[in-house]
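Let's walk through this structure together, beginning with a pair of aromatic rings and ending with how the chains are arranged. Keep the 3D view open as you read.

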Number of protein chains: 4
Amino acid sequence: VSGTVEGPSLDSVLTDLGKINNSRARASKLFEWLIHPLPAKSFFRETWEKKPALIKRHNAGYYNGLFSTAEFDRILRDDEVHFGVNLDVTSYTHGKRETHNPPGRALPYTVWDFYKRGCSLRLLNPQAFSTVVWSVLSILQEQFNSMAGANVYLTPPGTQGFAPHYDDIEAFVVQLEGKKHWRVYNPRSDDEVLPLVSSPNFSQSEIGEPVMDVVLEAGDLLYFPRGFIHQGDCLPDAHSLHITISSYQRNSWGDLLQKLFPAALEMALEEDVEFRKGLPLDYLTYMGVQNSDKEDPRRTQFTARLLGLMRKVADYAPVDAAVDQKARDFLHDCLPPALTPEEKASSVQGAPARWDRGAAQGTALKMKGHTKIRLIRDGIARLCSNGDEVVLCHIADNSRVYHKEEPKSFEISDEQTEAMEFLIRSYPKFVSVESLPCDTFEDKMSLAMILFERGLVHTSEPFRPS
Amino acid sequence: VSGTVEGPSLDSVLTDLGKINNSRARASKLFEWLIHPLPAKSFFRETWEKKPALIKRHNAGYYNGLFSTAEFDRILRDDEVHFGVNLDVTSYTHGKRETHNPPGRALPYTVWDFYKRGCSLRLLNPQAFSTVVWSVLSILQEQFNSMAGANVYLTPPGTQGFAPHYDDIEAFVVQLEGKKHWRVYNPRSDDEVLPLVSSPNFSQSEIGEPVMDVVLEAGDLLYFPRGFIHQGDCLPDAHSLHITISSYQRNSWGDLLQKLFPAALEMALEEDVEFRKGLPLDYLTYMGVQNSDKEDPRRTQFTARLLGLMRKVADYAPVDAAVDQKARDFLHDCLPPALTPEEKASSVQGAPARWDRGAAQGTALKMKGHTKIRLIRDGIARLCSNGDEVVLCHIADNSRVYHKEEPKSFEISDEQTEAMEFLIRSYPKFVSVESLPCDTFEDKMSLAMILFERGLVHTSEPFRPS
Amino acid sequence: VSGTVEGPSLDSVLTDLGKINNSRARASKLFEWLIHPLPAKSFFRETWEKKPALIKRHNAGYYNGLFSTAEFDRILRDDEVHFGVNLDVTSYTHGKRETHNPPGRALPYTVWDFYKRGCSLRLLNPQAFSTVVWSVLSILQEQFNSMAGANVYLTPPGTQGFAPHYDDIEAFVVQLEGKKHWRVYNPRSDDEVLPLVSSPNFSQSEIGEPVMDVVLEAGDLLYFPRGFIHQGDCLPDAHSLHITISSYQRNSWGDLLQKLFPAALEMALEEDVEFRKGLPLDYLTYMGVQNSDKEDPRRTQFTARLLGLMRKVADYAPVDAAVDQKARDFLHDCLPPALTPEEKASSVQGAPARWDRGAAQGTALKMKGHTKIRLIRDGIARLCSNGDEVVLCHIADNSRVYHKEEPKSFEISDEQTEAMEFLIRSYPKFVSVESLPCDTFEDKMSLAMILFERGLVHTSEPFRPS
Amino acid sequence: VSGTVEGPSLDSVLTDLGKINNSRARASKLFEWLIHPLPAKSFFRETWEKKPALIKRHNAGYYNGLFSTAEFDRILRDDEVHFGVNLDVTSYTHGKRETHNPPGRALPYTVWDFYKRGCSLRLLNPQAFSTVVWSVLSILQEQFNSMAGANVYLTPPGTQGFAPHYDDIEAFVVQLEGKKHWRVYNPRSDDEVLPLVSSPNFSQSEIGEPVMDVVLEAGDLLYFPRGFIHQGDCLPDAHSLHITISSYQRNSWGDLLQKLFPAALEMALEEDVEFRKGLPLDYLTYMGVQNSDKEDPRRTQFTARLLGLMRKVADYAPVDAAVDQKARDFLHDCLPPALTPEEKASSVQGAPARWDRGAAQGTALKMKGHTKIRLIRDGIARLCSNGDEVVLCHIADNSRVYHKEEPKSFEISDEQTEAMEFLIRSYPKFVSVESLPCDTFEDKMSLAMILFERGLVHTSEPFRPS
């Protein structure tokens, strides 16, 4: 990809996104902007999880507004950034990777002193400090259906902060300021293709020749799948600021199978007596590594029956329930939604209830039967099986700090489950409270009110004092 | 089965068993005696895990020597039996099941007072107190390749001690003294055939009509598979003493699969990139219980791929390693071997080392190259995989008290693994130390000595002072 | 106390406080304002821990700026307030005290609805949300040398939110808006004078007659010691907002003795063989409750020797070390200092290091030998014994959320301990770095720099780019 | 002490002891035998906890029957002795102390091989394996009112098994076979007189010159207090077997004070408001190590008040309750009583209840009003305060294995407490059940029966079938 790439600024992107009616469409749109001019469809078909991609835009301002070193400086000044928790000070010189975190709070004076002395700075979890990063990631998580995370890296001219290594996530390196020299290397072997865990630091001699050797400039994007080794260093004439947006950590078919297998076997044990039958009396005399060299027809027969049962477990696999286990983990990982002004105005967050002239005002406002509601985001909540019951899991009360809050869910009464499903499927359409498929008006209203109060639905018109 | 059944007494059975060269043959022989005159082969084919069986022997002395109420009394007197730990005092009257254990030690005075007042007594784990029961069970565990356990029940005339229920083990009810009226009922439904856990107490109205209604007399045997409901009560004219020998608790194909699945999936994840590939971007929008009613071709496709992978995991299943996990659990459950006098005389337990006339004597005795050794029992030890290494797991230091000792194992050096396998496979043949396939004589001797000192092998001739 | 009481507003109070050179003087001044026109000296002599006091000011604006319901509303809107964690919804009607917290985040819509329906609102730990409350409490903790905490209570007209009870803290009830009818009762017995734990809720019949029955109006103050039962209810014509400032929780002589005794006994055991001598052979035959009625001269003698040793332990009491244990607990409880603009400008927090025009600026600024420094607050740090070493404990990195951070401390090298003590004692005077009593200039500079970087000292002149 | 010392053999000692009516008198007698011909009175006055003592008896058979290497050999053969748990194999050569325990069970073959190769053997807790040692220690614990423990040491000729060290117990080294050269050294400093913890191994250069240098021969006794360094080595011509009987581990005045202080302070806090009063507002500004050099009258005043309160705590000290805490620990440490045949015959352990001719016999025997009972041992049980209630703590169900059983106790009803006290104080007199001071005959009988059934009392006449 080459040639100057024009594109809308993040500001106008976010404003435009706010007008999109459907949060999943919004997520696709934002992702398209991220990888523009690559079409998402072909990206996911040809590149994603397969090979690195570089987008040179010759447009230093393309990502303006996403993050900046000035913002970094502001965060150090205004927020409680702690070394080792939110910020790492690192260096990689003469093949040696070091971390220099002192204890305690990271204040500009100390941080910039480290930087001056050639150390790289890695800001962890910038979404907790930057509203824009939070907004972007909370939208992207609906694109990936897997947690969208980020780290910010600031590197002084002429230095390198990290040793070559590979990660366990799909990485989008967004160059924000300055430039950086990147070298990307193929996975070293089939075993390291799409790995589940990150690598240790490698020495230069372990990684072979780069398949990509480029200079990333402000406005450029570099993507590489998990397992691709990479290292970046600053040229002598410019610092570098980039944010790496990541996703798909432990989001493989195998990760889903880890949820599925125990549940499937439990079902098989309950429902099929073949699984409960006793093992052959003498199996220990011909099975086990001690007997693995033996030629014994009983070995063949035993193995065949065991593997037959193993395959048969698939017949009992509660696939949707296992997906729900995975979904619940994802919902716990999620950022809470960063609401647009319009969303706020039509939701509990913007409800006109307030203290005014010595009294609580605006609480008289209630829903009516003809009030129209919908989920505030498609991904805000999900009906999940949880053992024998079905609960509504949601992300409205999640924290911007990873896993600071416990997973949130509540039970939906049997009388309201169908209405809840109706609401979920109606998205992005608004539906009137009275149209909810409950037996009684009370059930409709109480479901609508609880969802409204917990921040899960908003109304078609802003709540306004009558 | 009816008519008077003659058979050897336990004493002569055990003496005869001691002459059998192979501990597995010994185990079969003992089991045959237990179910005599049923042939073991047809028993395992037609009855085991399938239906109850009754053996009426009209030979009150058939099981003489196995256990008696006099032995029970001796145990109370001589050993530290504690209520609630080793002994339960129970009653079942007017449909109500109660436990009456006081705190502290169970002494004859208190125990017999309970009995006089109509309570049943259940002695748990009698193998810890009775050498004969220990001997019998430690032999039978080689027949079952699954822990052989036992409880003893003493019931006063005209009473019942337990409510109807089913257990999670194969049960052999051995009537030792007096008689007892037994009713056995089919499993109540397919779900309760060969169950994995025991039932709660049932009321009489929940269990239907008995399929077997018999009076067991001394010398008789009653077998029923797990899942068959049963209750026994004493006739007014006689007390009852029986021992229930049990096995095959959690020893089903499904229990092996619980070991196999995680290991197999781990292998698949390591070796096959298909398992490491990311889930489809949008799978949460059409999978999960929330979407389970949806007609969506993507659901079919997703499920097919997932179940395909699930079945494919079987291709990576480390069957022998999983069997070894199961085997290690079994070895932990095992009783230590109860050695015959001949076995003792030719093993470390009977080595003539002793304190005599103010000095240690008999330690000069060492193995020679031509000394012949073999495992002291086929089931005494086993080479098991343990992650990446192979260890020798053994039961020589197990306790007669269940799980009082940790699982025991030690590493075998690479130089000695082949010799260890040779020894295991040579059983029941004795082989000379010099014939062990090691490179050096030192390796042969050190392997032989360590196995001898840990009580795992014995010699063809007793160790005698030269 | 009666008659209109004029006084400076909180704004001008805080501005004036900022000009006071010594943080302890500042704390006294602020406390004087709190209880104005009562003189602190007589208050502490005659009232504190002894009896309730009422200050009627007839000056509704006296506490303006400290907190307001508008601020409450803002906090609900802007901050992450969670029911049950930061906010309680309560009621007390017909003698029944209830809590109505739903799960999840507390948003204005829900909160004001509860209020409208007659519930009281208690905002816990307002210092985490309000900068002014933080400032006030962080100053007052230097007055009390014990944690200064606060709760805010908002009560609808004509309602009561809490049952009568007593607390375990000294309470300053600061009426901010509206008015509230308060009844205060003497401790019910000597045992409940200055209690260590709060009471359960009392019924009206358990508490006798009030010793104080007043209406608190905005600008008024009500003080009562721990152990004094109290209840407040709103008149039909006005809501009430008050903040209760509290201190001296578990700050009694006995609490210090709980630190002192184990340490003292350990010292006595080490240093005095009398404590290590064996007990009399037969003491169990005449001591113990079983023998407590016995007339036995050995009892007298034993008790005398034991109590003699008990008293003698005082000779080994490491009083200062025990005070340090207490001090370390206090420092952990402390709020971090809320710096004035001047303090910020002359400390690391305001150091001109910043990101500007693509580079880190202002880090070249370093201390010189003639730079003058002092602790930024008298109470910011403390040299404490910790076993055998001496560490510098400090509160600079504490969180506004109670105990969110671990206690912070670091070691001071032997070469720098004297200089550290010098600095501590010099407060509030500034001293030059070169005047620190260290052997080398490097030691002086490194001590000064580490204290500066951790936010413990500031300079006499703002750090400015040269 | 020198010259041939004649004395009764252990057998006749134990037989004679059985005739002594009072278990405490029995304990004194046995102790006198242990240290014969030293008089106990002068021993405890002049030697105990003060200095080593040697008793040369020139009577190799004096301790015959207590323990022997033959018994050691039998234990290895018959009991489950495990290396590292019950047996240590050690050596001390060229100043280097080593432990050689292999894993697993200690069988004679392996153990005697170690011995032959010059290793020392230490049998831990021999009371669990030897009935005589159990009898002796269970009697002696009533002498010491502190756990009586033991280790057995077997050392080959010409070797030493342990480095010089001191222990935390009073040690009685009883030479059983052969002879051993002992050197005993004074505590190295006042701090190491009567220490609370054992020392590490010392080098020869650290311990100075011995104050005692003797050869202990069979029948001899060596006593030394805790803190006295000691080492023993075998002469080339004889092995050595000795048992070290120990007591008074953590049984000092200070150990009792550790129970007393927290209880006393809690009482003081409850009862005396002086302890609940707040600390001075400004105490942190002049107290603490930071201020320890300051001349400040407030320091003097503060310290005086604090130490005054510290001493005043003694006024609230619940001495008997603290002694009971200590007593409860001791009872948990105790061995169960080893009953004489007569004691057995008249207690629940020997009650004639038994299984005979197909039925439980002898349970009809019950107490009558005129049956006479007493505690089976003075030290078998104790009424102890436990918080607000009084419980009967006892040792009847303790195990011969240290702390294998939890502490045992049960509640005595209010109606029976006085009777329980009466029983305790009546010891060693028998009293009739009807004479117990309870209101009703039922209460008398139920108390007598529960004590009888739990093995705490016995009757004046054996229970015999009427």
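A residue counts as buried here when its relative accessible area is under 20%. Tyr63(D), with a relative accessible area of 2%, is therefore buried. Trp33(D) falls under that cut-off too, so it is buried as well, with a relative accessible area of 6%. Please keep in mind throughout that this is a predicted model.

Now for the rings themselves. Over all chains, a search of the whole structure turns up 130 aromatic pairs. One of them joins Trp253(C) and Phe302(D), whose ring centres are 4.8 Å apart and whose planes make 35 degrees, a tilted arrangement. This pair crosses from one chain to another: Trp253(C) belongs to helix H7 (residues 253–271) of chain C, and Phe302(D) to helix H9 (residues 297–312) of chain D. Both Trp253(C) and Phe302(D) are buried. Trp33(D) and Tyr63(D), which we met at the start, also form an aromatic pair, this one edge-to-face, with 5.3 Å from centre to centre and 90 degrees between the planes. Here the pair links distant parts of the chain, 30 residues apart: Trp33(D) is in helix H2 (residues 23–35) of chain D, while Tyr63(D) is in the loop between strand S1 (53–55) and helix H4 (69–78) of chain D. If you turn to chain A, you can also pick out one aromatic cluster formed by Phe31(A), Phe43(A), Phe44(A), Trp48(A), Phe144(A), Phe172(A), Tyr223(A) and Tyr248(A).

While you are in chain A, look for its strand S4 (residues 120–124). Is this strand enclosed by the rest of the structure or left open? Of its 5 residues, 4 are buried, so strand S4 of chain A is largely enclosed by the rest of the structure. Its pairing can be followed strand by strand. Strand S2 (residues 87–93) of chain A runs antiparallel to S4(A) and is joined to it by 4 bridges. Within this pairing, Leu87(A) has Leu123(A) in S4(A) as its bridge partner. S4(A) also pairs with strand S5 (residues 149–155) of chain A, again in the antiparallel sense and over 4 bridges. There, Leu123(A) has Val152(A) in S5(A) as its bridge partner. Strands of a sheet pair through backbone hydrogen bonds, in either a parallel or an antiparallel way.

Next, move to chain C, where 3 strands form an open sheet in the order S17-S13-S18, with antiparallel pairing. Strand S17 (431–432) and strand S18 (457–459) of chain C stand at the edges with a single partner strand each, so one side of each has no neighbour in the sheet. Strand S13 (residues 372–375) of chain C pairs with S18(C) over 3 bridges in the antiparallel sense. Ile373(C) sits opposite Thr459(C) in S18(C). Packed on this sheet is helix H12 (residues 414–426) of chain C, which touches S13, S17 and S18 of chain C and whose direction makes about 80 degrees with that of S13(C).

Helix H12 (residues 414–426) of chain D deserves a visit too. It has 13 residues and reaches 19 Å from its first C-alpha to its last, close to the 18 Å expected at 1.5 Å a residue. Which of its residues are buried? They are Gln416(D), Thr417(D), Ala419(D), Met420(D), Leu423(D), Ile424(D) and Ser426(D). Among the elements of chain D that cover the buried residues of H12(D) are strand S13 (372–375), strand S14 (381–386) and helix H13 (441–453).

Finally, step back to the arrangement of the chains. A turn of 180 degrees with a shift of 0.0 Å along the axis lays chain B on chain A with an RMSD of 0.1 Å. The two copies are thus related as by a two-fold rotation axis. Arg311(B) is the residue of chain B that comes closest to the rotation axis, its C-alpha lying at 2.3 Å. As 100% of the interface residues of chain B are also interface residues in chain A, the copies meet through the same surface.

Chain A superposes on chain C by a rotation of 180 degrees with 0.1 Å of shift along its axis, giving an RMSD of 0.0 Å. In chain A, Lys404(A) comes closest to the rotation axis, at 6.2 Å for its C-alpha. Here 97% of the interface residues of chain A are also interface residues in chain C, so these copies too meet through the same surface. By contrast, chain A and chain D do not touch, and their nearest C-alpha atoms are 23 Å apart.

Methods
Residues numbered from 1 in each chain as written. Chains lettered and ligands numbered in written order. Predicted model: local features only at pLDDT ≥ 70, side-chain atom pairs only at ≥ 80, totals over all residues. Heavy atoms only, no water. Contact = heavy atoms within 4.5 Å. Least-squares fit on C-alpha atoms with pLDDT ≥ 70 in both. Helix = DSSP H or I, 4+ residues; strand = E, 2+ residues; numbered from the N terminus. Expected span 1.5 Å × (residues − 1). Buried < 20%, exposed > 50% of the residue type's maximum accessible area, 1.4 Å probe, protein only. Pairing = 2+ DSSP bridges. Axes fitted to C-alpha atoms, helices over the stretch in contact; angles between N-to-C directions. Phe/Tyr/Trp six-rings, centres within 6.5 Å; stacked < 30°, edge-to-face > 60°.
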